[in-house]
Amino acid sequence: MSSGAGKVVCVTGASGYIASWLVKLLLRRGYSVNATVRDPDNLQKTGNLLALDGAKERLHLFKANLLEERSFDRAIEGCECVFHTASPIHHEVNDPQVELIDPALKGTLNVLKSCAQYPSVKRVIVTSSMAAVAHNGNPLTSDVVVDETWFSDPVFVEKLKNWYMLSKTLAEEAAWKFSKENGIDMVVLNPGLVIGPLLQQTFNESVEMILKLINGAPTFPNVIFRLVDVRDVANAHIQAFEIPSANGRYCLVGRTVHCSDVLKILSELYPELKLPERCMDEKPFISTYQVSKDRAKTLGIDFIPTVITIKDTVESLKEKNFISL
């Protein structure tokens, strides 16, 4: 019998990139899934979920909005675990407060308030980000190992004007405070830049990094990517619920690489690609640093090699006609 048979769980923001994979793996393990989406009737967003194996019998869609208090109650009632993955990702915004910070911060608190209503909820798994871990003003040099004891500093992040980073930092901070005050057993996962095959039909911003490099960009950015496979991230969510001793935070990064290393891998896999050869600035390449895998290993996560993840990402983009090779 599969581990989830007879158990009901909730996934918020279920049509998202990580969440679609999470729903797929939960259904495969026998769970019944209450999935929240903004519009259950939008088949472009929900079609891929409804087509999953087991969806007909064990997937139930619920309408919910991050900014609406108590809108998650119906979906959460009777669930043993709530996976809160819903949070907007936009890197270019006009109004950071409205577009990013409010949905991340108020949305997380609205979901946790609903969780606190129902004794059936044994554990809450919150999808945070490495954005809420690694940015506190400490230099990120090659001898540095970032781990779960690091917390991004909201003041430092606000000065950088990185609003996505700020939204994740404030949301995680508020989640810890609320869960401690209300006795909620919460586990937080902090993935890096999530890539890998897409299940949803709409494009998502984290995979866009690969797409931009392939689609004829004249130069590449002088940046570091903390890469992790979407399948590892989804699997870690389930392990964080199923392993009773799981607690606290877990950094999820398979490999930290410079953008130039991603291009090397792409050119080896796809020699026919016309990839950018010039960096967009003349400065020395930013040095890579390490992210500890020790705690992730306690969830049984053995990270998928980066080469496989990048190949599967490109193949998925081809299959969905986002690129033609």
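In this predicted model, Phe83 stands opposite Ile125 in S5. The two strands involved, S4 and S5, run in the parallel sense and are joined over four bridges. On the other flank of S4 comes strand S1 (residues 8–12), again parallel and again with four bridges. Two of the facing residues there are easy to pick out: Val9 sits opposite Cys81 in S4, and Cys10 sits opposite Val82 in S4.

What about the faces of S4, covered or open? Both are covered. Cys81 and Phe83 point to one side, Val82 and His84 to the other, and all four are buried. This fits a general pattern: side chains in a regular strand alternate between the two faces of the sheet.

Zooming out, S4 belongs to an open sheet of seven strands, ordered S3-S2-S1-S4-S5-S7-S11 and paired in parallel. The edges are taken by strand S3 (59–63) and strand S11 (248–252), each of which has a pairing partner on one side only. From one strand to its neighbour the sheet turns by 20 degrees on average, with direction ignored. Helices pack on this sheet as well. Helix H2 (residues 43–50) touches strand S2 (32–37) and S3, and its direction makes about 160 degrees with that of S3. Helix H7 (residues 163–181) is in touch with strand S5 (123–127), strand S7 (186–191) and S11, and makes about 165 degrees with the direction of S7.

Now for the rings. How many aromatic pairs does a search of the whole structure find? It turns up three. One of them brings back Phe83, which pairs edge-to-face with Phe241: the centres are 6.3 Å apart and the planes stand at 90 degrees. The partners come from distant parts of the chain, with Phe83 in strand S4 (residues 81–84) and Phe241 in helix H9 (residues 230–242), 158 residues apart. Phe83 and Phe241 are both buried. Tyr31 joins in too, and together with Phe83 and Phe241 makes up one aromatic cluster.

Another of the pairs is made by Phe220 and Phe285, also edge-to-face, with 6.0 Å between the centres and 70 degrees between the planes. Here too the chain separation is considerable in the sense that distant parts are linked: Phe220 lies in strand S9 (residues 219–220), Phe285 in the loop between strand S13 (278–279) and strand S14 (290–291), and their positions lie 65 residues apart in numbering. Is each ring buried or partly exposed? Phe220 has a relative accessible area of 5%, so it counts as buried. Phe285 comes out at 44%, so it counts as partly exposed.Rings also meet charges in this model. The charged end of Arg249 sits over the ring of Phe151, at 3.7 Å from the ring centre. Arg295 does likewise with Tyr250: its charged end is over that ring, 4.2 Å from the centre.

A couple of backbone angles deserve a mention. As a rule, most residues other than glycine have a negative phi. Arg70 is not a glycine, yet its phi is positive, at about 65 degrees. Arg70 is placed in the loop between S3 and helix H4 (73–76). Its relative accessible area is 43%, so Arg70 is classed as partly exposed. Asn321 has a positive phi as well, of about 60 degrees, without being a glycine. This residue belongs to the segment after helix H12 (306–319). With a relative accessible area of 68%, Asn321 is exposed, because the cut-off for that class is over 50%.

Lastly, there is Asp261, in helix H10 (residues 259–269). Its relative accessibility is 25%, so Asp261 counts as partly exposed. How far is its C-alpha atom from that of Leu61, 200 residues apart along the chain? The separation is 41 Å.

Technical notes. Residues numbered from 1 in each chain as written. Predicted model: local features only at pLDDT ≥ 70, side-chain atom pairs only at ≥ 80, totals over all residues. Heavy atoms only, no water. Phe/Tyr/Trp six-rings, centres within 6.5 Å; stacked < 30°, edge-to-face > 60°. Buried < 20%, exposed > 50% of the residue type's maximum accessible area, 1.4 Å probe, protein only. Lys NZ or Arg CZ within 6 Å of the ring centre and 35° of its normal. Pairing = 2+ DSSP bridges. Axes fitted to C-alpha atoms, helices over the stretch in contact; angles between N-to-C directions. Contact = heavy atoms within 4.5 Å.
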